[in-house]
Each structure stands twice: as structure tokens, then as C-alpha cells.
Amino acid sequence: MTHRVAVLALDGVLPLDLGIPARVFNEARAPDGSRLYSVGTCSLGGRPVRTHEDFRIVVEHDESLLDTADTVVIATQEPTSDLLATGTLPEDVTAVLKGIRPGTRIVSLCTSAFLLAAAGLLDGMRATTHWTLCEAFTQLFPGIEVDPNVLFVDNGRILTSAGGAAGIDLCLHLVRLDHGASVAAAAARRCVAAPWREGGQAQFIEHVVPQDADRSTSDTRQWALERLADPLTLEDMARHAHMSVRTFTRRFRQETGLSPLKWLAQRRLAHARHLLESTTLPVARIATACGFGDPVALRRQFHTYVGLSPAAYRRAHSAPGVAEGTAAVR
């Protein structure tokens, strides 16, 4: 059954971001080439929408489109001065957002996280938005944990993304969740986009560059990726980078937005997901190949970060016709 996506455009919408959901979801195809999603765009009252640039956009639907949607995407809207000053929305916008059916997946692109927060939909949750406005977000909505160092945050029903290209990453993340890595990768290729960037990857925030910036941790990251099965420690990684643990940890966080061990855990989990999707290797072998040591540790990580057991994840996301032993295991 085709998954219905409704994109809500409000005055102040960024035109580039408005087109991201349709561009990505329309490229997600079944094996017979049919589209797995239908995407429609709506506005309040079906009226033309004033964009952030010097033109307006005419849409095909009014807000009633949200009533039948499986996923609602709030396209990036430049926060108004009133919203930034008071943390409140016009009554009609609040009513539309709060009227979205329970169980409908809700996605905000970039600064539209302000809209979800002002409508009370993010209370007590973790979220992200464009890094330049994270401080303002925190001041307006202290009950929401905002993370400026990630591309997107997945809370299950409600997801938020950072600016620009992170919206593409989040839409591909949803395709991956719904239909598996192979469908998401194919959609990314058609969009000429990176097939997979973890939500925990850092936004491109302006950091002060160290004077000896040639001493990057990138070589060590590649080295670690080639040794995921090994019991790597923080000391091992720092030693490979020829740095002290303290210097290595600081520079690693500057470059990735994560601690070395958290980054390593994410890479191991991503590799385990890939093997579950693309091979029929036993879970015990996958656990060993990805550095978890035993199936119990792998299952614990999956329950914590994916919400499924490895076996359930494989049933939901494995590609059809995968033959045992087709993928090489490091």
C-alpha cells in the first residue's frame, strides 16, 4: 500500500527545502518500479504561499490533506519575529498542527522545529534545528533537549532535522526505516545524494580550526572502520593518530560532533544493520564481525537504539532474494 506523505507549506517557506520530500520519496521504488510513496503539498486554506524569496507558490491542496496522511512533513519555514520573541504561533497554525491524527508520523525540516515546539508537540523530547538558532530554541523551549551537533533526531513518531541537506538525510532515513537500505540507497543514487549519513553526524558548524589542522583524525576513523571486529579501545585509536587521549578526543569531537567511542558504536551498529539487511549470516556471526563480541550485546544495542531485536529488524528490512554468504564480513 502506498505510503501517503503530506507536505505543509506555510508563509516564509524556503523553496529549496519545500521540494526535498517529493524529490526523495518519489525516487523510492518497489522492484517493479512503482512508487512506494505518494507526496502532496498543502497550505492553510489551499492559498498561495509566500516564500522566503521573492515569489509565491501555488499548491494543490488545503490542510485537509493532513487528515489522510501517514507522514506529515513541515517544510522549512523561516521563524517569524513573533515566534522568536514569544514562542507562540498564530491560532490557525497551532490548530492545524495539533489536529494531526494520533499515530501520524510528523517530520520537521530545519527551523520548522520551532513550529512543533510552539505547538507543544516536542515537550519532553530531544530535537535539533539549524545550529545558528539552537541557543534561541533552548531559551524559548527549556523543556526540550536541543542538540546542535546532529543532522537529525528520531523520536519515533516525531522527527526533526537540521538545515538544508540534513532534510535529505532525514527523508532517506525514513525510506530506510520503511523499506530497507537497498531501496534507500537506490533513491539516493537517483537523487545523486549520499546514501547514508548517520543522524549523529555533526552539522557543519563553524569551529575554530587548530593551527596544526593537518593532524586530522580522518585516517584513524578509516583505520577503525577496517577493524570493526577488533576490540578497539580509545587508547588504541589515540595511539594510531599519534596523539594523547585527551587531544585525540577533543579533535575527534570537533570533527565529528561525537566522542570516539560513541562514533565507533554507531559505526558498528550501522554495519550490523547492513549485514542483517543484505545477508543471511547468523546473528552470532554478525555480532562478532561488528565487534559486539556476542549476540547478547548486539541484541542490547538493537533494543536500545533501533527498538527491535536483530531478528525482527532482519524480517522487516532484509532485501528479497539475498543469498547466504553473499556479503564479505570483515
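Which helix does His 271 lie in? I looked this up before anything else and found His 271 in helix α12, where helices (H or I, at least four residues) and strands (E, at least two) are DSSP runs numbered from the N terminus.

**Entry 1: ground rules**

I note that this is a predicted model, in which local features need pLDDT of at least 70 and side-chain atom pairs count only at pLDDT 80 or more, while totals for chains, interfaces and linings use all residues. Residues are numbered from 1 along each chain as its sequence is written, and side-chain values use heavy atoms, with hydrogens and water left out.

**Entry 2: the chain as a whole**

I counted 15 helices and 10 strands in the protein chain. Of its 330 residues, 48% are buried, a word I use for under 20% relative accessible area, with exposed meaning over 50% and partly exposed in between (1.4 Å probe, protein chains only). The protein chain exposes about 15800 Å², of which carbon and sulfur atoms supply 52%; such accessible areas come from the Shrake-Rupley method with a 1.4 Å probe, and for residues only the protein chains shown count as cover. I also looked at contacts (heavy atoms within 4.5 Å), and among those between residues at least 6 apart in sequence, 65% join residues at least 24 apart.

**Entry 3: back to His 271**

His 271 is buried, with a relative accessible area of 15%. Not counting residues up to four places away in sequence, I find that His 271 touches Leu 228, Ala 289 and Cys 290.

**Entry 4: a salt bridge from the same helix**

Staying with α12, I turned to Glu 277, whose side chain meets that of Arg 176 in a salt bridge (3.6 Å, N to O). Glu 277 lies in helix α12 (residues 260–278) and Arg 176 in helix α7 (residues 165–179), so this pair ties together parts that are 101 residues apart in sequence. I recorded both Glu 277 and Arg 176 as buried. The rule I applied asks for a side-chain nitrogen of Lys or Arg within 4 Å of a carboxyl oxygen of Asp or Glu, and by this rule the count comes to 9 salt bridges.

**Entry 5: two further salt bridges**

I next took Arg 4 and Asp 70, whose side chains meet in a salt bridge at 3.2 Å, N to O. Arg 4 lies in strand β1 (residues 3–8), whereas Asp 70 is in the loop between β4 (56–57) and β5 (71–74), so the pair ties together parts that are 66 residues apart in sequence. Arg 4 is partly exposed, with a relative accessible area of 31%, and Asp 70 is also partly exposed, at 26% relative accessibility.

The side chains of Glu 27 and Arg 23 likewise form a salt bridge, at 2.8 Å, N to O. Here Glu 27 is buried at 14% relative accessibility, while Arg 23 is partly exposed at 40%. I noted too that Arg 23, Glu 27 and Arg 29 are linked in a network of salt bridges.

**Entry 6: strand β1 and its partners**

What does β1 pair with in the parallel sense over 6 bridges? I found strand β2 (residues 37–42) in that place, taking two strands to pair if DSSP finds at least two bridges between them. β1 also pairs with β5 in the parallel sense, over 4 bridges. Val 7 shows both pairings, since I find its bridge partner in β2 to be Thr 41 and its bridge partner in β5 to be Val 73. Of the 6 residues of β1, 5 are buried, so the strand is largely enclosed by the rest of the structure.

**Entry 7: the two sides of helix α4**

In helix α4 (residues 91–98), I listed Val 93, Thr 94, Val 96 and Leu 97 as buried. They cover an arc of only 165 degrees around the axis, which puts them on the same side of α4; the arc is that of the directions from the helix axis to the C-beta atoms. Glu 91 and Lys 98 are exposed on the other side of α4. Among what covers the buried residues of α4 I noted β1, β5 and α5 (113–118).

**Entry 8: Thr 160**

Finally I looked up Thr 160, which has its place in strand β10 (residues 158–161) and is buried at 0% relative accessibility. Its side chain reaches the backbone nitrogen of Thr 128 at 3.0 Å. Leaving aside neighbours within four places in sequence, I find Thr 160 in contact with residues including Ser 108, Ala 113, Leu 122, Thr 128, Phe 152 and Leu 170.

Key:
Polar contact = N/O pair within 3.5 Å; in protein donor to acceptor, adjacent residues only side chain to side chain.
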